[in-house]
Amino acid sequence: MHKIFPAISFLLLTAWTSATELSSLHKGIHVWVEGANTCSSDLSGDDKPDPTRLGCELGLTNYPALSNITFMWNITDVDMLREEISADALLINTIELKRCFSPDSTDKRPWRKTKSALDKDKQCKKQFAKVPWTPGTIGSFTYNFPDPTPGAVYFVRAFALQDDTYLAYGDSSDNQGYFKYTSFDGLTDAIKVSVAIMSVLSWVLLFGYFAYDLRPKSEA
């Protein structure tokens, strides 16, 4: 029995130390949003047109609840001239896409905290696709926002892999690729009015009960 514990400790230590760090990956995947008016701003309020705003004159594209969006990616000719990226391209066979909160949407929200270790990063926690891909081609994937999806400003991070080994990555935010998603609000006006009426009635009934219970009782 005493020999088992060192073995378990070794396995746990190996798993801990082998976590992939974002800083260890080459950045060479070009990611963008097809047909979208995305922009360089990550602020939720910048979804209105503003001709004075550089790189985001028309405002963030605001996607309504349960809509879909198409992401595209490739390795540019310029990046292919980089030795480390061209070496990766010979091995890449898979692309993994993750939905990431913008820096503004992570501010003062520790549950969305950015961490370098990929398995601990809460900013880009939601993986929504893992598809085969051959470098030299333009890949694409249409994502349907599930319900519920938090309303926020997002960008997409694409990871290039050889099977399950991470090699390179890229962010749509590098290409003015922030976009806004408006979550579905199931509380209609009718429901809100009904809740307000029931809240008032509950207090009326409560005080009415106490008034009735505490009323002077006539002697028999």
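Student: How many disulfides does a search of the whole structure find?

Tutor: This is a predicted model, in which local features need pLDDT of at least 70, side-chain atom pairs count only at pLDDT 80 or more, and totals for chains, interfaces and linings use all residues. Residues are numbered from 1 along each chain as its sequence is written, and side-chain values use heavy atoms, with hydrogens and water left out. A disulfide is a pair of cysteine sulfur atoms within 2.5 Å. The search of the whole structure gives a count of one.

Student: Is the disulfide of Cys 100 and Cys 124 right-handed or left-handed?

Tutor: The sulfur atoms of Cys 100 and Cys 124 are 2.1 Å apart. Cys 100 belongs to strand E5 (residues 94-101), while Cys 124 sits in the loop between helix H4 (103-106) and strand E6 (126-132), 24 residues apart; helices (H or I, at least four residues) and strands (E, at least two) are DSSP runs numbered from the N terminus. Because the torsion about the S-S bond is about 120 degrees, the disulfide is right-handed.

Student: Which element gives the largest share of the largest nonpolar core?

Tutor: A nonpolar core is a set of buried Ala, Val, Leu, Ile, Met, Phe, Trp, Tyr and Cys residues joined through side-chain atoms within 4.5 Å, where buried means under 20% relative accessible area, exposed over 50%, and partly exposed in between (1.4 Å probe, protein chains only). The largest core has 29 residues, of which Ile 29, Ile 69, Phe 71, Trp 73, Leu 97 and Phe 179 touch the most other members. Among the elements that give two or more residues to this core are strand E4 (68-74), helix H3 (83-89) and strand E8 (152-162). The largest share, five residues, comes from E8.

Student: How many residues apart in sequence are the parts that Asp 171 and Lys 27 tie together?

Tutor: In a salt bridge, a side-chain nitrogen of Lys or Arg lies within 4 Å of a carboxyl oxygen of Asp or Glu. Asp 171 and Lys 27 form such a pair, at 3.6 Å from N to O. Asp 171 lies in strand E9 and Lys 27 in strand E1 (residues 26-27), so the distance in sequence between the joined parts is 144 residues.

Student: Is Arg 157, which forms a salt bridge with Asp 171, buried or exposed?

Tutor: The closest N and O atoms of Asp 171 and Arg 157 are 2.7 Å apart. Asp 171 has a relative accessible area of 5% and is therefore buried. Because its relative accessibility is 7%, Arg 157 also counts as buried.

Student: Which residue forms a salt bridge with Lys 27 at 2.8 Å between the closest N and O atoms?

Tutor: Lys 27 is partly exposed, with a relative accessible area of 33%. Lys 27 is linked with Asp 121, Arg 157, Asp 171 and Asp 174 in a network of salt bridges. The partner at 2.8 Å is Asp 174.

Student: Where is Gly 59 found, and is Gly 59 buried or exposed?

Tutor: Gly 59 is found in the loop between strand E2 (30-33) and strand E3 (62-63). Although 19 residues separate Gly 59 from Ser 40 in sequence, their C-alpha atoms are 9.4 Å apart. Because the relative accessibility of Gly 59 is 1%, this residue counts as buried.

Student: Is Met 198 buried or exposed?

Tutor: Met 198 lies in helix H5 (residues 189-213). The relative accessible area of Met 198 is 55%, so this residue is exposed.
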